[in-house]
Amino acid sequence: MRLASRERLGFYPLPPPEAERIRRFLAFPDKQCCALDPCVRDGAAFAKIASDRKVLRYGVELDAGRVEQARSNGIDVMHGNCFDVQ
């Protein structure tokens, strides 16, 4: 991995237009449901993708700073490695 990528922990945010495009392909049920992003990053893309009010959003993130960013986007985030979360 390149040094610049290591500094960012491989963080390359999904462009907002791509998040909106993904959202158009998803159909959430009429009742409350849950969505999980195992690599939530700052939560901006996931917040757009699962923007329905009935969706409970959960995520996992390695970087402590991005955990706080995701939480500020209304996502319940666990700080850690997605392979270690149960």
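**Notes on a small-chain model, starting from a loop**

1. Let's begin with Pro15, which sits in the loop between α1 (3–7) and α2 (16–24). Keep in mind while you look that this is a predicted model. Pro15 is partly exposed, as its relative accessible area is 41%. Now find Ala44: in sequence Pro15 and Ala44 are 29 residues apart, yet their C-alpha atoms are 9.4 Å apart in space.

2. Next, the overall plan. How many helices and strands does the chain have? There are four helices and three strands. Walk along from the N terminus and you'll meet them in the order α-α-β-α-β-α-β. It's worth tracing that path once on the structure before reading on.

3. Some totals for the whole chain. Of its 86 residues, 27% are buried. The accessible surface is about 6200 Å², and carbon and sulfur atoms own 55% of that. As for contacts with a separation of 6 or more, 39% of them link residues 24 or more positions apart.

4. Now the strands. β1 and β2 run parallel and are joined by five bridges. If you want a landmark for this pairing, look for Cys34, which stands opposite Leu56 in β2. On to the next pair: β2 (residues 55–61) and β3 (residues 76–79) are also paired in the parallel sense, over four bridges. Here the landmark is Gly59, whose bridge partner in β3 is Val77.

5. So much for β2's partners; what about its cover? β2 is mostly covered, with five of its seven residues buried.

6. How do you get from one parallel strand to the next? Follow the chain through the helices. β1, α3 and β2 form a right-handed β-α-β unit. Another right-handed β-α-β unit is built from β2, helix α4 (residues 64–72) and β3. Try tracing both of them on the screen with your finger.

7. Have a closer look at α4. Which of its residues are buried? They are Arg66, Val67 and Ala70. Looking down the axis of α4, you'd see these buried residues fall within an arc of 110°, so they line one face of the helix. The cover over them includes β2 and β3.

8. The two ends of α4 deserve a glance too. At the N-terminal end, Asp63 acts as the cap: one of its side-chain oxygens lies 3.2 Å from the backbone nitrogen of Gly65. After the helix comes Gly74, with a positive phi near 85°.

9. Stay with α4 a moment longer for Arg71, which is part of this helix. Is Arg71 buried or partly exposed? Arg71 is partly exposed, because its relative accessible area is 40% and the buried label is kept for values under 20%. Measure across to Gly43 on your screen: the two residues are 28 apart in sequence, while their C-alpha atoms are 7.6 Å apart in space.

10. Here's a residue to puzzle over: Arg41, in the loop between β1 (33–37) and α3 (44–49). Most residues other than glycine have a negative phi. Arg41 isn't a glycine, but its phi is positive, about 55°. With a relative accessible area of 23%, Arg41 counts as partly exposed.

11. Last stop, Asp37 in strand β1. Why does Asp37 count as buried? Its relative accessible area is 13%, and anything under 20% earns that label. A polar atom of the Asp37 side chain lies 3.0 Å from the backbone nitrogen of Cys39. Setting aside neighbours within four places in sequence, Asp37 is in contact with Phe46, Tyr58, Gly59 and Val60. You've already met one of these: Gly59 is the residue whose bridge partner in β3 is Val77.

Conventions: Residues numbered from 1 in each chain as written. Predicted model: local features only at pLDDT ≥ 70, side-chain atom pairs only at ≥ 80, totals over all residues. Heavy atoms only, no water. Pairing = 2+ DSSP bridges. Right-handed = clockwise from strand over helix to strand, strands pointing away. Buried < 20%, exposed > 50% of the residue type's maximum accessible area, 1.4 Å probe, protein only. Contact = heavy atoms within 4.5 Å. Areas by Shrake-Rupley, 256 points an atom, 1.4 Å probe, with all protein chains shown as cover. Arc of directions from axis to C-beta. Polar contact = N/O pair within 3.5 Å; in protein donor to acceptor, adjacent residues only side chain to side chain.
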